[in-house]
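Reader: I'd like to go through this one with you and ask how you back up the labels you use. Could you show me the structure?

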Amino acid sequence: MKKALVTGITGQDGSYLAEFLLDKGYDVWGMHRRTSTMNFDRITHITDKIHLVQGDLLDQNSIQNLIREAQPDEVYNLAAQSFVPTSWNQPLLTGEITALGVTRMLEAIRSVNPRIKFYQASTSEMFGKAREVPQRETTPFYPRSPYGASKVYGHWITVNYRESYGLFACSGILFNHESPRRGLEFVTRKVTNTAARIKLGIANELRMGNLDAKRDWGYAGDYVEAMWLMLQQNEPDDYVIATGETHSVRELIELTFGYLDLDWQKYVKIDTRYVRPAEVDLLVGDASKAHRKLGWKPKVALKELVKMMVESDLQLEKELSGRKNKR
Ligand code: NAP
Ligand code: G4F
């Protein structure tokens, strides 16, 4: 039985990857940080099937001890301070976790067992003010936020440990991927959840930032398969994972409100609080290397993704208001 350690197991991708690995027959270990209240909401259904162990990307000892205890064959480093706006308010913390945290993981692997395979969660945010369209593995990076800059560091330190020490270390450059488990602060979930609440009469407006930004949105459930595929190859490498389609935030809103039979223009208000100091205007990925070498292809398109997220948010909000009415 293969053993995998997943950092960021309580996050969106961590929860889908844990399910995926369990289905493949893996012994799954998940690293989570200590919090005063438990935040296992995304993994409640699998907590009895996985080993949950405490550790923090800020703390070298905890990581090293954990890798020594678990003795994994594969490590998936998904933990990060992953919200772009927070990275302007907390740039140093973002750098400590999202950039240096990667080196802590790599150092721990190098000293405990350099044969462990390593996956680093890199991002299309590294392309930032994009130098070419579509973006591929060879497109130069131009990050536009402390988050993007931290991820560029994480990417290059992964490449560097591969080239310096011969580690089997891969960097997956994933474009935006969403799901009903997406955090409420990210644009897709903010839109689907607020639209669902408007439909149910619980909210009456949606306050937004830049509607012109364009993103290549895929489904998180599809993208975790690509992470695993990268670690099953003969040689470690870096891959862009994307759908190849781009849509503006405005189109996302139109699709979502249209699905609910609502006129979005009546509810959406522009609020400068949500406009960023520097924007990433256009992301669209060319995943042809992943198609060719990994045999990976996305299955869920944006329209279907929006439907999945809206339906889930309608259900969730109905349950929440049902519970409130009972009190
Ligand atoms: P997410 O939902 O925000 O999850 C982030 C995870 O990191 C959470 O489990 C969080 O734990 C954990 N974490 C944060 N700080 C930590 C620390 N100091 N030590 C240990 N764990 C810590 O993010 P996601 O959407 O699943 O994304 C997974 C990874 O892929 C991230 O690295 C992200 O930057 C990257 N990525 C995401 C996308 C995307 O579109 N989703 C695209 C490209 C790359 P808590 O639950 O305790 O906060
Ligand atoms: O959903 P977002 O917050 O995602 P963003 O900044 O693209 O980052 C996400 O994807 C990256 C991959 O490219 C990941 F690495 C990262 O960890 C994260 O998962 O914002 C998307 C777009 C932006 O252009 C933003 O300006 O939506 C625009 N937007 C407009 N109004 C808004 C809002 N974003 C948010 N979160 N909230 C708004 O009200």
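Author: What follows is a short back-and-forth about a helix pair and two ligands in this predicted model.

Reader: Fine, helices to begin with. How do you know that α1 and α7 are in contact?

Author: Contact takes heavy atoms within 4.5 Å. On the α1 side, Gln12, Asp13, Tyr16, Leu17, Phe20 and Leu21 make the contact, and on the α7 side Ala220, Gly221, Val224, Glu225, Met227 and Trp228 do. The axes of α1 (residues 12-23) and α7 (residues 220-231) come within 9 Å and cross at roughly 65°.

Reader: Is that crossing left-handed or right-handed?

Author: The α1 and α7 crossing is right-handed. That word is used because the near helix is turned clockwise from the far one by less than a right angle.

Reader: And what classes of residue make up the contact of α1 with α7?

Author: There are 8 nonpolar, 2 polar and 2 charged ones. Gly counts as polar, so Gly221 of α7 goes in the polar group.

Reader: On to ligand 1. What makes Tyr147 a polar contact of ligand 1?

Author: The cut-off for a pair of N or O atoms is 3.5 Å. An N or O atom in the Tyr147 side chain sits 2.6 Å from a ligand 1 oxygen, so the pair qualifies. The backbone joins in too: a polar backbone atom of His177 is 2.9 Å from an oxygen of ligand 1, and for a backbone N or O atom of Ala80 the distance is 3.2 Å.

Reader: How much of ligand 1 does the protein bury?

Author: Alone, ligand 1 exposes 910 Å², and 90% of that is buried by the protein. Around ligand 1 there are 25 residues, with Thr10, Asp13, Asp56, Ser82 and Tyr147 coming nearest. The element giving the most to this shell is β5, with 3 residues.

Reader: Now ligand 2. Why is the Glu279 pair called a polar contact?

Author: Same test as before: N or O atoms within 3.5 Å. A side-chain N or O atom of Glu279 is 2.6 Å from an oxygen of ligand 2, so the pair passes. Tyr147 turns up here as well, with a polar side-chain atom 2.7 Å from a ligand 2 oxygen. For Val187, a polar backbone atom is 2.8 Å from an oxygen of ligand 2.

Reader: What share of ligand 2 is covered?

Author: The protein covers 95% of the 720 Å² of accessible area that ligand 2 has on its own. Its shell holds 10 nonpolar, 6 polar and 8 charged residues, and both α6 (187-199) and β8 (206-208) supply at least two residues of it.

Terms used: Residues numbered from 1 in each chain as written. Chains lettered and ligands numbered in written order. Predicted model: local features only at pLDDT ≥ 70, side-chain atom pairs only at ≥ 80, totals over all residues. Heavy atoms only, no water. Axes fitted to C-alpha atoms, helices over the stretch in contact; angles between N-to-C directions. Helix = DSSP H or I, 4+ residues; strand = E, 2+ residues; numbered from the N terminus. Near = heavy atom within 4 Å. Polar contact = N/O pair within 3.5 Å; in protein donor to acceptor, adjacent residues only side chain to side chain. Areas by Shrake-Rupley, 256 points an atom, 1.4 Å probe, with all protein chains shown as cover.
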